[in-house]
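User: Could you walk me through this protein fold, one question at a time? I would like to see the reasoning behind each answer.

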Amino acid sequence: VLDLTGLNNPMIIESADLLCKGNQHQVCVRSKDGMEGNGRAAYVALIFAQRVAPFFTEKDARQLENHLWELYRWRSNNKLQGLAVWSPFA
């Protein structure tokens, strides 16, 4: 469960980008107020870039758990299965 303690204002996602250098891949998520978070996405980069990042733009990051269910249905993502879909979602 996402702990929202202290997050009283919306955290609107401005961008979710896949950064690549050689065979290294990094996801960088930035809010409109400049907050950043990141994670790895090497073997699922295409799904992330086409099916995940566009979905989250303009969404409130505090509503992450609700967004995951919406993302699962968005553009028929529910037809994807296993690690191929849940890793980029994470």
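The questions and answers below go through the model step by step.

User: Happy to start with the basics: what kind of model is this, and what is its mean pLDDT?

Analyst: This is a predicted model, in which local features need pLDDT of at least 70 and side-chain atom pairs count only at pLDDT 80 or more, while totals for chains, interfaces and linings use all residues. Residues are numbered from 1 along each chain as its sequence is written, and side-chain values use heavy atoms, with hydrogens and water left out. pLDDT is the predictor's confidence in each residue, from 0 to 100. Here 93% of the residues reach 70 or more, and the mean for the protein is 83.

User: Which element has the lowest mean pLDDT, and which the highest?

Analyst: Elements here are DSSP runs numbered from the N terminus: helices (H or I, at least four residues) and strands (E, at least two). The lowest mean, 70, belongs to strand β3 (residues 36-40), and the highest, 88, to α2.

User: Which element gives the largest share of the largest nonpolar core?

Analyst: A nonpolar core is a set of buried Ala, Val, Leu, Ile, Met, Phe, Trp, Tyr and Cys residues joined through side-chain atoms within 4.5 Å; buried means under 20% relative accessible area, exposed over 50%, and partly exposed in between (1.4 Å probe, protein chains only). The largest core has 11 residues: I13, A16, V27, F48, V52, A53, F55, F56, L71, V85 and F89. At least two of them come from each of β1 (13-21), α1 (45-56) and α3 (83-89). The largest share, 5 residues, is from α1.

User: Within what arc do the buried residues of α1 fall?

Analyst: The buried residues of this helix are A45, F48, V52, A53, F55 and F56. The arc is taken from the directions from the helix axis to the C-beta atoms. Seen down that axis, the buried residues of α1 line one face, because they fall within an arc of 150 degrees.

User: What covers that buried side of α1, and which residues does A53 touch?

Analyst: Contact means heavy atoms within 4.5 Å. The cover over the buried residues of α1 includes β1, β2, α2 (64-73) and α3. Leaving aside residues up to four places away in sequence, A53 touches A16 and F48.

User: How far apart are the end C-alpha atoms of α1?

Analyst: The expected span of a helix is 1.5 Å times one less than its number of residues. For the 12 residues of α1 that should give 16 Å, and the model agrees, with the end C-alpha atoms 15 Å apart.

User: How many bridges join β1 to β2?

Analyst: Two strands pair if DSSP finds at least two bridges between them. β1 and β2 run antiparallel, and their hairpin has 2 residues between the strands, with G22 taking a positive phi near 65 degrees. The bridges joining β1 to β2 number 8.

User: Is S31 buried or exposed, and which residue stands opposite?

Analyst: S31 sits in strand β2 and touches I12, I13 and E14, not counting residues up to four places away in sequence. With 6% relative accessibility, S31 counts as buried. The residue opposite S31 is I13.

User: What is the relative accessible area of Q26, and how far is its C-alpha atom from that of A45?

Analyst: Q26 belongs to strand β2 (residues 24-31). Q26 is partly exposed, as its relative accessible area is 28%. Q26 and A45 are 19 residues apart along the chain, and their C-alpha atoms are separated by 9.1 Å.

User: Which residue follows α1 with a positive phi?

Analyst: Most residues other than glycine have a negative phi. The residue after α1 lies in the loop between α1 and α2, and at 48% relative accessibility it counts as partly exposed. Although not a glycine, it has a positive phi of about 75 degrees: it is E58.

User: What phi does S76 take?

Analyst: S76 is in the loop between α2 and α3 and counts as partly exposed, at 36% relative accessibility. Although S76 is not a glycine, its phi is positive, about 60 degrees.

User: Is N77 buried or exposed?

Analyst: N77 is also found in the loop between α2 and α3. Not counting residues up to four places away in sequence, N77 touches R51, L71, Y72, V85 and F89. Its relative accessibility is 0%, so N77 counts as buried.
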